[in-house]
Amino acid sequence: MRHTSPSPITENLTLDPQDWSTMRRLAHQALDEMLDFQTDVRNRPVWREVPEASLDLMAQAAPRAGLGSEQVVADMLQHVVPYPSGHAHPRFWGWVCGTGTPIGMVADMLAAGVNASSGAFNDAPSRIEAQLIGWMRDLFDFPETTSGIVTSGGSVANMIGLAVGRDAIIGEPLRQRGLTGLSGTPVVYTSDQVHSSVDKAMMLLGLGTDNLRKVGTDDQYRIDLDALRAAIEADRRRGLRPLAIVGNAGTVNTGALDDLTGLAEIARHEGLWFHVDGAIGAIAAMSPKIRKKLRGMERADSLAFDFHKWLYVPYEAGCVLIRNSKLHRQSFSVAATYLETPPRGIAAQPDSTYLRGPQLSRGFKALKVWAQIREYGMDALGRIQEQNVAQVQYLSQLIQAEPRLEQSAPSPLNILCFRYLPEHLGADQTDAINYELLMRLQERGIAAPSSTRLNGQFVLRVANTNHRTRFEDFALLVAETVRLGREIEAGL
Ligand SMILES: Cc1ncc(COP(=O)(O)O)c(C=O)c1O
């Protein structure tokens, strides 16, 4: 943009570059740098602290006068690109973070290039998203009546699923009156392993976290169905209003799979909404082998899942399917004169996504998912998911063969928790040593597991949603964990 004095504007201003050839060169350079980053990522540390010089830049005030594209691209390449959290690295296994793909990167650039907003218009982006939703409906064996929407991730997908469930079970007046005057407090049931996004949904939907019953789990961290039945019955006796059951298709701590068929039966018998949080496991239905473990998921009234976790799509992209499209639309439709749908023209989009979620304007996240599924095909993506499970089983064998390590819980999917067992120190110091071990693994850029607590114990946690990981990366993790454990013990 030309910088003008505050005099009246008499010329045509624009944000387009004055010199397109410079922008073209810079854009090509940025693309080359990103391809180099991806091909070379194995040779970098998994993670590095942001250095002082870059932190200084990040403390600067917004400039009144622009710095120009040359400077800004150079700054991004020097100060931002080298210091991500490390999700793209083959030894990043923390939290539940997908790796990203080159095709996803290209698709995101194209979506930004045409500045598409998805779902509200009579255009190709809306049709791509609709096609993707159709693919997912078929993948999960949902009926024709299903509708869905691409979300920012599992959190919003859980919130939308539970919003529709709340409205469907409580009924229409809720939309106008809110929860005031409702007879009987609504209660939602799930396991004590549920992800915090379900607590958050309870807060945001006005249901309250006190009304989320976290039912106990068995020795494999699966919800106890008898305890669930008893909790529902006890609440009914107290005059409360059971509303929904949230099943887990892969818990965040250990990847445990609830008995989803059992939960579907209880929900049907009790007249409750059945929501499945499949943010971790659901999309692995692309593998016929893993799919068998997810049985019962196809009976959900709403299913939340993620593309940016176990489908490796670059951030961010999740999804929710709602079995009954009418109920889905009822929860989110609002009338607005400036949003009327004509039969022709740009706004001729009768099934706009603003009628299926909280957002009006939305980015075109569906494109990268669509492109990635088309590039590789679902079979190949399912094979990589199977590879992730096989790699975690290999890690389990390595841990069993190593006396200084202990696996902390069963590992039915792609998540494994384990601990270093100190050789010379008491058990009371095990947590502190494992904490320090995790910090050293991360801070030295060796590998990035994360942690959790199981039965009060601090454990290291590997979630393998990484298509770049090789089997030998886990051999290295085991060797380095033992080496660092001994190093810490020696230094105490
Ligand atoms: C089981 C589960 N549900 C929901 C979420 C939230 O998903 P997102 O981070 O995509 O919002 C997560 C994230 O880790 C998760 O593990």
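## Exercises on a predicted model

By class, 4 nonpolar, 8 polar and 3 charged residues make up the shell around the ligand. The structure is a predicted model, and the exercises below work outward from this ligand site to other parts of the chain.

### Exercise 1. The ligand and its shell

Identify which residues come nearest to the ligand, and describe the distances from its oxygen atoms to Gly-154, Ser-155 and Asp-306.

Solution. Step one is to list the closest residues: of the 15 around the ligand, those that come nearest are Gly-154, Ser-155, Asp-277, Asp-306 and His-308. Step two is to look at individual atoms. Gly-154 places a backbone N or O atom 2.8 Å from an oxygen atom of the ligand, whereas Ser-155 uses an N or O atom of its side chain, at 2.6 Å from a ligand oxygen. In Asp-306, an N or O atom of the side chain is 2.8 Å from an oxygen atom of the ligand. Of the 390 Å² of accessible area that the ligand has on its own, the protein covers 84%. Step three is to ask which element supplies the shell: helix α6, residues 154-170, gives the most, with 3 residues.

### Exercise 2. An annotated lysine

Locate Lys-309 in the fold, decide whether Lys-309 is buried or exposed, and find the side chain with which its own side chain makes a polar contact.

Solution. Begin with the record: an unreviewed UniProt entry carries the annotation "modified residue: N6-(pyridoxal phosphate)lysine" at Lys-309. Next, place the residue, which lies in the loop between β6 (302-306) and β7 (318-322). Its relative accessibility is 15%, and because the cut-off for buried is under 20%, Lys-309 counts as buried. The side chain of Lys-309 makes a polar contact of 2.6 Å with the side chain of Asp-306, and Asp-306 is also among the residues that come nearest to the ligand. Finally, when residues up to four places away in sequence are not counted, Lys-309 touches Val-96, Gly-98, Ala-279 and Thr-465.

The loop that holds Lys-309 also contains Glu-316, and the peptide bond from Tyr-315 to Glu-316 is cis, with omega near -5 degrees. Most peptide bonds are trans.

### Exercise 3. A buried threonine

Describe the surroundings of Thr-465, including what lies 2.9 Å from a polar atom of its side chain.

Solution. First, Thr-465 is found in the loop between β11 (457-463) and α16 (471-491). Second, its relative accessibility is 1%, so Thr-465 counts as buried. Third, the atom at 2.9 Å from a polar atom of the Thr-465 side chain is the backbone oxygen of Cys-97. Fourth, leaving aside neighbours within four places in sequence, the contacts of Thr-465 include Val-96, Cys-97, Gly-98 and Thr-99, together with Lys-309, Trp-310 and Tyr-312.

### Exercise 4. A valine in strand β11

Determine whether Val-459 is buried or exposed, and which residues are in contact with Val-459 when its neighbours within four places in sequence are left aside.

Solution. The place of Val-459 is in strand β11, and because its relative accessibility is 0%, Val-459 counts as buried. With those sequence neighbours left aside, Val-459 is in contact with Ser-408, Cys-417, Phe-418, Arg-419, Ser-450, Ser-451, Thr-452 and Leu-454. The C-alpha atom of Val-459 is also separated by 9.8 Å from that of Ala-409, although the two residues are 50 apart along the chain.

### Exercise 5. Helix α10 from start to end

List the buried residues of helix α10, and explain what they pack against.

Solution. In helix α10, residues 260-270, the buried positions are Leu-260, Gly-262, Leu-263, Ala-264, Ile-266 and Ala-267. An α-helix has 3.6 residues a turn, so residues three or four places apart point the same way. The buried residues of α10 pack against α9 (225-237), β4 (241-248) and β5 (273-278). At the start of the helix, a side-chain oxygen of Asp-259 comes to within 3.3 Å of the backbone nitrogen of Thr-261, while the residue that follows α10 is Gly-271, with a positive phi near 70 degrees.

### Exercise 6. Positive phi outside glycine

Compare the settings of Trp-95 and Tyr-221.

Solution. Most residues other than glycine have a negative phi. Trp-95 has a positive phi of about 50 degrees, and for Tyr-221 phi is positive too, near 65 degrees. Trp-95 is found in the loop between α3 (69-80) and α4 (102-113) and is partly exposed, with a relative accessible area of 48%. Tyr-221 lies in the loop between β3 (212-215) and α9 and is buried, with a relative accessible area of 9%.

Definitions and conventions:
Residues are numbered from 1 along each chain as its sequence is written. This is a predicted model: local features need pLDDT of at least 70, side-chain atom pairs count only at pLDDT 80 or more; totals for chains, interfaces and linings use all residues. Side-chain values use heavy atoms; hydrogens and water are left out. A residue is near a molecule or strand if one of its heavy atoms lies within 4 Å of it. A polar contact is a pair of N or O atoms within 3.5 Å; within protein, one must be able to donate a hydrogen and the other to accept it, and residues adjacent in sequence count only if both atoms are side-chain atoms. Accessible areas come from the Shrake-Rupley method with a 1.4 Å probe; for residues, only the protein chains shown count as cover. Helices (H or I, at least four residues) and strands (E, at least two) are DSSP runs, numbered from the N terminus. Ala, Val, Leu, Ile, Met, Phe, Trp, Tyr, Cys and Pro count as nonpolar, Asp, Glu, Lys and Arg as charged, and the others, Gly among them, as polar. Buried means under 20% relative accessible area, exposed over 50%, partly exposed in between (1.4 Å probe, protein chains only). Contact means heavy atoms within 4.5 Å. UniProt positions are given in the numbering used here, feature names are shortened, and annotations may be inferred rather than shown by experiment.
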